[in-house]
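Me: Please take a close look at one part of the model below. I should like a connected account of where that part lies, what surrounds it and how charged side chains link the regions around it.

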Amino acid sequence: MAGLFDGLELGKRALNTHQLWLNTIGHNIANVNTPGYTRQRVNISTTPPQELPQGMVGTGVSADNIRHVRDLFLNRQYRNENKSLGQWTGQEKILSQIEALFTEPNAESLGDLLDKFWAGWSDLANNPESVGARTALKEQTNLLTSGFHRIYSNLQDLRKSVDDEIVLTVDNVNSLASEIALINQQIARTELGGQKANDLRDRRDYLIDQLSEFVDVNVAEQKNNTATVYIGSLAIVDGTTSFRIDTRKVGAGEVTSSEIVWEGTTMTIKNLNGQLKALVDARDQIVPQYLSKLDAMAQALITNVNTQHQKGIGLDGSIGLNFFDPRNFGAATISLNDTIANNVIKIAASKSGEVGDNVNALAIADLKNASVLMRNTASLSEFYNSLIGEIGVNTGKAKNLKENYELLVGQLDNARQSVQGVSLDEEMAQMIKYQHAFDAAARVITTMDQALETVIKGMGIVGR
């Protein structure tokens, strides 16, 4: 038959178990605002019963382990959508910057300067001998070329800053990978004896969540409890080792870029996804695309105006002059011909050389509506307007997708938190529940102690 001392042991085990629960609840409450923390629960079970002639007598309870609550499916979903959020966030940020560079619709924007340039030719056509109209056209042309230079230069600066950001993001990825490998080592060592390193696992999952914002990651847990993290088919973290990625300069002169490779190799990383993909796309496709369109626009302007200007005659009888300097054939360098810049009477407004002849100036002014771009289907203004429209549409699309993914990632995070997050209401209810259980277990010990006292002090005293 189970003795009173067995009852004391039973009460002690119950006290220890409920105290462990109270400590765990306190740990949960303390970390309610800790990023990445998941609530922990104590797994308990009954201790083996004593076999007596009367039957099996229970011996109480004991704690088996402490585990954190985590939903693997929701975590995988969260990371899948988080990389898309990172990608569209990065793209929306860069496209908004590009949109701001064009400052449309505003005075002194490139579209406004182009309109004023054509208006300058119309004014000259109305007063072909006017030095004032010629000087105004020269000044307006200088403003237009400066507008091309400004936007082109700003786009190049943006491309360089995106390239610098790629290098910084690669450093962030390496830092996260290195920390994950270190935590892998700590987890493997801690769990060697069968215990669960819950807090370390939370920290590792939190770092992997962060990594998923930058690149596309897949995670596989190994038998030794370390996590292998893949980018594509190659591991960036394998057990306690992290493999660094690096950047190497490619290209020459002003058009250099940082290619992402595995450190110490020339093997490029493909299928990046996440914020890193947004940056690479912006640097290698989006910004170069707009630079190329600006070049096409400037080249069409130079070619068509020069061709028509060469057919005219200046006030001093000069012929065959280019209006723009043909050696500066692009948006970055477009400039007024020095000969004309130094002497505006050489502007060829006349076709015949007669006084009052404005035929050539009118012909150049008419180029405003001439279809000279996109296989002769669009004028310069139409081409520019389509460029601005395209930037607006792409920016709006990126903004909408970013907002959609923010909503989706937020919902997934809420779903995760409903499963694995700390609820203060629930923790308080649990605390009261286990506090009463602790009190009851203490009462069991008191009762057993009183029974023992009765046995020790009260029995066998009759007849003394």
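Reply: A suitable starting point is Lys 138, which belongs to helix α4 (residues 131-190). Helices here are DSSP runs of H or I with at least four residues, strands are runs of E with at least two, and both are numbered from the N terminus. The model is predicted, so that local features need pLDDT of at least 70 and side-chain atom pairs count only at pLDDT 80 or more, whereas totals for chains, interfaces and linings use all residues. Residues are numbered from 1 along each chain as its sequence is written, and side-chain values use heavy atoms, with hydrogens and water left out.

Lys 138 counts as buried because its relative accessibility is 17%. The classes are: buried under 20% relative accessible area, exposed over 50% and partly exposed in between, computed with a 1.4 Å probe and protein chains only. When neighbours within four places in sequence are set aside, Lys 138 is in contact with Leu 336, Ile 340, Ala 341 and Val 344; contact means heavy atoms within 4.5 Å.

Helix α4 is also part of what covers the buried residues of α3, together with α6 (274-310), α8 and α9. Those buried residues of α3 are Leu 110, Gly 111, Leu 113, Leu 114, Phe 117, Trp 118, Gly 120, Trp 121, Leu 124 and Ala 125. An α-helix has 3.6 residues a turn, so residues three or four places apart point the same way. The 17 residues of α3 should span 24 Å at 1.5 Å a residue, and its end C-alpha atoms are indeed 24 Å apart; the expected span is 1.5 Å times one less than the number of residues.

On the N-terminal side, Glu 108 is found in the loop between α2 and α3 (110-126). Glu 108 has a positive phi of about 70 degrees although it is not a glycine, and with a relative accessible area of 40% it is partly exposed. Thr 103, just after α2, likewise takes a positive phi, of about 45 degrees. Helix α2 (residues 72-102) has 31 residues, which at 1.5 Å each should span 45 Å; the end C-alpha atoms lie 46 Å apart, in agreement. At the start of α2, a side-chain oxygen of Asp 71 comes to within 3.1 Å of the backbone nitrogen of Phe 73.

The loop between α8 (359-366) and α9 (380-420) holds Asn 376. Phi of Asn 376 is near 60 degrees, again positive in a residue other than glycine, and Asn 376 counts as exposed at 57% relative accessibility.

The charged pairs can now be added. Side chains of opposite charge can pair when their charged atoms come close. The structure holds 28 salt bridges, each defined as a side-chain nitrogen of Lys or Arg within 4 Å of a carboxyl oxygen of Asp or Glu. One of them joins Lys 293 to Glu 390, with the closest N and O atoms 2.7 Å apart. Lys 293 lies in helix α6 and Glu 390 in helix α9, so this pair ties together parts that are 97 residues apart in sequence. Lys 293 is partly exposed, with a relative accessible area of 22%, and Glu 390 counts as partly exposed at 22% relative accessibility.

Another salt bridge links Asp 209 with Arg 416, the closest N and O atoms being 3.1 Å apart. Asp 209 lies in helix α5 (residues 198-214) and Arg 416 in helix α9, so the pair connects parts that are 207 residues apart in sequence. Asp 209 is buried, with a relative accessible area of 8%, and Arg 416 counts as buried at 5%.

A further pair is formed by Arg 244 and Glu 263, whose closest N and O atoms are 3.2 Å apart. Arg 244 lies in the loop between β8 (241-242) and β9 (245-252) and Glu 263 in the loop between β10 (255-262) and α6, so this salt bridge ties together parts that are 19 residues apart in sequence. Arg 244 is partly exposed, with a relative accessible area of 41%, and Glu 263 is partly exposed, with a relative accessible area of 41%.

Finally, salt bridges that share partners join Arg 70, Arg 79, Asp 205, Asp 209, Asp 413 and Arg 416 into one network.

Definitions and conventions:
Polar contact = N/O pair within 3.5 Å; in protein donor to acceptor, adjacent residues only side chain to side chain.
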